[in-house]
Amino acid sequence: MAKNYNYVILVYDIGEKRVGKVFKICKKYLVHFQKSVFRGEITPANLIQLRAELKKVIDEGNDFVAVFKMTGDYVFDEEIIGARMNDSESLLL
Amino acid sequence: MSKTAPSTRYIRTPGTLGREDNSLTFRSEERGIVHLPIHGLKELYLLNEITLNSKLLSFLSMAGITVHFFDYYGHFRGTFYPKDARVSGKVKLLQAKACLERRIPIAATFIGAIAANIHEVLYHYYKHGNKEIKPYLNWLRKDVPRLLDKMEIIPRLLSVEGEIWRRFYDTFKTFLPEDFKMNKRVKRPPDNPLNALISFGNTILYTKTISQIYHTHLDQSISFLHEPSDRRFSLSLDLSEPFKPLLVYRTIFELVNNRRIQVNKHFEKDYNYCILNGTGRDVFITALEDRMKQVFDHGTLKRKVSYLSAIKYDAYKLKKHIVEGIPFVPFLEKEKR
């Protein structure tokens, strides 16, 4: 059985012309973490949708998107050094 | 810190919520621009003056997001529903019929569940040496079911419920610290810190239940324990009742006893300590939300479910009772595995 990934870290390197479009797509599904890094919980179905949307926009010869897929958000830990610009994943705003 | 975007957001800083690039953006002086992913979001709680427009509401409706509005003091003002409602005339008729014909037995099961769940919550304190509450526990376990069995009229039933809660509040002085003493339950407006916590917690639970009932075909205004004529969505009051001791009161006891909520730190002094201030609300909401998301093994479903889904399953159970006549028993903590 294929694995169900439900947490991803997405990083991209996109040509200047298309970078805005890619940003707009990603922010619908994931939490903006750093300039070209998104992450967060995502359902397998939404991951398929996100992938399809990205494929329409990017130039596959020049642009680069990497998705690190994980099975849950409890199997790793992270450390943040320095100021976090915007907390878009907190429960309370 | 959570590494994921929550499916519920509470917004308590004043600002503007808007639609941008088919997603949500929240702008405020305090927080700057925050992008909220639209996928995965289910509910929004607006706890302050938030500016939004009809364009946004129609967008939220398409995305299936429920919005609960509150005023500055934490009073619930209303809910915005996505259009695609699960409306079923058949269920509505049967529900009305059940309300007319079988209201008392259904109301009695709710009260039975309240008593059983309060017993479960307080037993913890009894086990840890609080012997004073023993008579109340015995009364809940032995006398209340017997009382409920022979009830014929609603007012009598309600007086039993009132008695359960009154004696429950009486036990507070035996395990809560001095500054959280409460003489009696006062609502609208609450007159002391503990009453404020209870009111705010109940309101959140009430709105969460509204969102859960929304996923069923049940009509929000036809209720059994509460008068169906109440101006509110009274079915939600019924269904949330058995969960109050488990979710709201447990959270309050935990926060107060561990001194994570303190009278002079987390309440507005100007209002005689009767409303929670910003940080107080944050602490309380986070703790309550964590508790609602807590999962346990469900006996009959054979998988892990959260308290929040347990509320939804109670609504399903009630619907099954109404439509198919399957016996209805609200969620009981002691059946949790």
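In this predicted model, B:Asp71 and B:Arg77 are joined by a salt bridge, and their closest N and O atoms lie 2.8 Å apart. The two partners differ in how much of their surface is accessible. B:Asp71 has a relative accessibility of 16% and counts as buried, because the cut-off for buried is under 20%. B:Arg77 has a relative accessible area of 58% and is exposed, since exposed begins over 50%. The bridge therefore links a buried residue to an exposed one.

Two other salt bridges of chain B can be set beside this one. B:Asp170 and B:Arg166 meet through their side chains at 3.6 Å, N to O. Both belong to helix α5 of chain B, residues 154-171, and they are four residues apart, so about one helical turn separates them. B:Asp170 is partly exposed at 35% relative accessible area, and B:Arg166 is likewise partly exposed, at 43%. The other bridge is formed by the side chains of B:Arg260 and B:Glu254, with an N to O distance of 3.0 Å. B:Arg260 has a relative accessible area of 40%, which makes it partly exposed. For B:Glu254 the relative accessibility is 29%, and this residue too counts as partly exposed. Over all chains, the count of salt bridges comes to 20.

Some salt bridges run between the chains. How many does the rule find across the interface of chain B and chain A? It finds three. One of the residue pairs bridged in this way is B:Asp21 with A:Lys27, whose closest N and O atoms are 2.9 Å apart. These two residues also belong to a network of salt bridges that links A:Lys24, A:Lys27, B:Glu20, B:Asp21 and B:Arg27. Across the interface there are also seven residue pairs in polar contact, with both residues at pLDDT 80 or more.

On the side of chain B that touches chain A, the elements giving two or more residues are β1 (8-11), β3 (23-28), β4 (32-36) and α10 (278-293). By class, this side of chain B has twelve nonpolar, ten polar and eight charged residues. The contact as a whole draws 30 residues from chain B and 26 residues from chain A. About 2500 Å² is buried between the two chains, and 56% of that area is on carbon and sulfur atoms.

Two of the elements just named, β3 and β4 of chain B, are also part of a sheet. This open sheet of chain B has four strands in the order β4-β3-β2-β6, with mixed pairing. At its edges stand β4 and β6 (50-51), each with a single partner strand, so one side of each has no neighbour in the sheet. The partner of β6 in this order is β2. Strand β2, residues 15-20, pairs with β6 in the parallel sense over two bridges. Within chain B, B:Gly15 stands opposite B:Ile50, which lies in β6.

After β2 the chain passes into a loop. B:Asn22 is found in the loop between β2 and β3 of chain B. Its phi is positive, about 55°, although B:Asn22 is not a glycine. The residue is partly exposed, with 37% relative accessible area. A second residue of chain B has a positive phi without being a glycine: for B:Lys302 the value is near 60°. B:Lys302 also sits in a loop, the one between β9 (295-298) and β10 (303-306) of chain B. With a relative accessibility of 66%, B:Lys302 counts as exposed.

The last topic is chain A, the other partner in the contact. Which helices and strands does chain A have, and in what pattern do they follow one another? Chain A has two helices and four strands, and along the sequence they follow the pattern β-α-β-β-α-β. The C-alpha trace of chain A spans about 40 × 35 × 20 Å along its principal axes. Of the 93 residues in chain A, 41% are buried. Among the contacts in chain A between residues at least 6 apart in sequence, 72% join residues that are at least 24 apart.

Key
Residues numbered from 1 in each chain as written. Chains lettered and ligands numbered in written order. Predicted model: local features only at pLDDT ≥ 70, side-chain atom pairs only at ≥ 80, totals over all residues. Heavy atoms only, no water. Contact = heavy atoms within 4.5 Å. Buried area = accessible area lost by both parts, 1.4 Å probe. Salt bridge = Lys/Arg side-chain N within 4 Å of Asp/Glu carboxyl O. Polar contact = N/O pair within 3.5 Å; in protein donor to acceptor, adjacent residues only side chain to side chain. Nonpolar A, V, L, I, M, F, W, Y, C, P; charged D, E, K, R; others polar. Pairing = 2+ DSSP bridges. Buried < 20%, exposed > 50% of the residue type's maximum accessible area, 1.4 Å probe, protein only.
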